[in-house]
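Please open the structure in your viewer and display it as a cartoon, with side chains available on demand. The tour below proceeds by selection, and each stop states what is to be found there.

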Amino acid sequence: MTISEEIYRDKVHGCWLGKSIGGTIGGPLEGKTDFFDLPFTYPRETIANDDLDLQLVWLKVLRESGLRITADDLAAAWLDHIVYPFDEYGVALANLKMGLKPPVTGYYNNWFKDSMGSPIRSELWACLFPGRPATAAWYALQDAQVDHWGEGVYGEIFFAALESLAFDHEDVAALVSQALAFIPEDCRVYQAVSMVTRSFADGESLLNSRNEVLASFRNDNFTDAPQNMAFTILGLLHGGGDLLKSVIFAAKCGYDVDCTAATAGAVAGILAGGKAVLAAADADIDDRVVAGWGIQNCDVPETLSELTDQTVSLGSLADQEADLPELEAPFILPEIPPFEAPMRIPCHYDLVPDDIGDSQPLLTESAQEVTFEGAFFDVEDLLTSDDDMLVLETCLNLPFARTLRFIPHCTGPVALWVDNRKVVEWTTSAPFVPAAHRGPQGHDRMNWDMLNLDEGVHEVTIRVKHPSDGRRLELAWLAVDEDNHWIPDLVYELKP
C-alpha cells in the first residue's frame, strides 16, 4: 500500500460517508427523469439503499471465507441472504434457484444485464485494494457476473478501477482516463463516459452535457448503466473535488439518481477523506448504517465507522497478499459457455384478424408449434403483417395449488386469458421494461390481482399485436408470487 494506514482509513471512511450521503440525497428521486433544481444541503438522516446492502453481504462473505473467493462464492451467499425481487436482482435469484451458475446467472433471461445494480457496488473492492486497480477490477468481475453481463459488468469494472486509483491520485479526468483503459472502447459505458469527459473539457454546461448523453444513450430503462454512469462522471467533473457539489450535480441529471449520487459521493469521499467531509458538512452527518429489508440473516455494522473498521481490517490483510488475481486490461467479456435452458414454454401459435373484438381468440387448423427457452419470446418473425394479431396458447401444469400473478410485458397491446377468463389487458403500446415489480405504469390493466389456481392443468392464452409506433414487437412472460419473485419451477406443456 502506497499510503499510510491513517490516510487509508480516512479515505475508506470518506468513501462510506460519501456513499451514504449521496444515496440518501438521491433516493427520493430514483426513477425520475427531469433535470432538477436541488439545494446544496446535506441530509439529516440516512435512508436505506440497496446500493450498499449487497456490499454488506459481500463483506460478510469475505470476513468468514477470506479473500480467495470467486463468483460462485458470491452466488451461494446470494441464495442465503438476498431476497430483493427488483430487475436483475430478481432474475439472478430465479436463475440461481433453477441451478444455474455464474456467468449464466447474469445472462439468462436477463433484460436488465446492462443495468446499474453491479456498478454501484464497486466501492468495496476499491477499498480493499487501494492503488491496485487490476485486482479491484478482477473482484468486480466476480461480483458483477452473478446478476449482470455486458455493460453492467463493464460498468462495475470501470468504477472499481477508478475508485481504487482514487486512493493515490486526485485529478478526476486523469482517473477516468486510466479507468477507461480496463474496458473496451466499443462498449457503451466507455463511449458515454468519454463523451462527457470531452464535453466538460470543451466547457459545456451540465445541462448541455446531460442532453448530449440522452441524445445518444437514453434508454427506457432508467437504470441502464451507460447513461447513469455518464451522469456520475459529470457530477464529479463539475463538482471539482467538493463532495456535496459532486453529489448534487450528479443527482440533478435524474434517472437512477440514488446510484449516480451515491457513487459520486463515494469517489469524492475517497479523494477528500472522511475528516475533510465531516469538516465541510453544515450538519451532523448521520453515522448509522441503515440496511434494507432485502438482505436477511446477515449481521451488518451498526455505523459507518464500524463498517470502515471492518473494511480496513480486511484491506490490511489484502495488502499482505501479493499474488491475488488481476484483470488484464482492456478486459473483453468472453462468450457465455453452452448451457441447457432450464425454462421451456411450448406453445401453439396462430395468426388471427385484427377485427375479432374483445373475444378470446381461438386457434385454427393452421396453428403451429414453437418452444421458447426462456422468459423472452422472440415473436416478431411470427407475424406476417402489422394487421395481424398473434395468439399463443400453452398449459400450466401445477402439481399443487399455487397463488401467482402472470405478467406478459409487451411493447404492443396484449391480453391474457387463464382458463377462458381474461385476467390481463393492455390496450396501448408501452415501453419494454419487463420487471415484475414495475408493471404497466400508466396503462390499462384488468384484474391485476393474484390468481388462486388449483392443482392440475390450466389453459393460458395470450394475444399480442404490433405496437402502433412502429417499434419491434417484444414480449416477456413472467409468473411471480405475492412478493414479486419469479417462480422458477413452473411446468408448461402443449394443450392436447
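**First stop: two helices, α1 and α14.** Select residues 5-26, helix α1, together with residues 257-272, helix α14; their axes come within 6 Å and cross at roughly 155 degrees. The coordinates belong to a predicted model. Because angles over 145 degrees count as roughly antiparallel, α1 and α14 are roughly antiparallel to each other. The crossing of α1 past α14 is right-handed. Now show the side chains at the contact. From α1, the participants are D10, K11, G14, C15, G18, K19, G22, G23 and G26. They meet V257, D258, A261, A262, T263, G265, A266, G269, I270, L271 and A272 of α14. Classified by residue type, this contact of α1 with α14 comprises eight nonpolar, eight polar and four charged residues.

**Second stop: helices α11 and α12.** Move the selection to residues 206-217 (α11) and 225-239 (α12), where the axes come within 10 Å and cross at roughly 165 degrees. The angle therefore makes α11 roughly antiparallel to α12. Here too the handedness can be inspected: α11 passes α12 in a right-handed crossing. On the α11 side, display L206, S209, R210, V213, L214 and F217; on the α12 side, display P226, Q227, A230, F231, L234 and H238. By class, the contact of α11 with α12 has eight nonpolar, three polar and one charged residues.

**Third stop: the β6-β7 hairpin.** Select residues 414-418, strand β6, and then add strand β7; the two run antiparallel and are joined by five bridges. Strand β7 spans residues 421-426, and five of its six residues are buried. To see one pairing across the strands, label L416, which stands opposite V424 in β7. Two residues lie between the strands of this hairpin, and D419 takes a positive phi near 50 degrees.

**Final stop: P85.** Centre the view on P85, in the loop between α3 (71-81) and α4 (87-97). Is P85 buried or exposed? Its relative accessible area is 4%, and P85 is therefore buried. Next, select the residues in contact with P85, leaving aside its neighbours within four places in sequence: G90, W293, D483, N484 and H485. Finally, draw a distance between the C-alpha atoms of P85 and A436: these residues are 351 apart along the chain, and the separation is 7.7 Å.

Notes:
Residues numbered from 1 in each chain as written. Predicted model: local features only at pLDDT ≥ 70, side-chain atom pairs only at ≥ 80, totals over all residues. Heavy atoms only, no water. Buried < 20%, exposed > 50% of the residue type's maximum accessible area, 1.4 Å probe, protein only. Helix = DSSP H or I, 4+ residues; strand = E, 2+ residues; numbered from the N terminus. Pairing = 2+ DSSP bridges. Contact = heavy atoms within 4.5 Å. Axes fitted to C-alpha atoms, helices over the stretch in contact; angles between N-to-C directions. Parallel < 35°, antiparallel > 145°, perpendicular 65-115°, else oblique. Left-handed = near helix turned anticlockwise from the far one by under 90°. Nonpolar A, V, L, I, M, F, W, Y, C, P; charged D, E, K, R; others polar.
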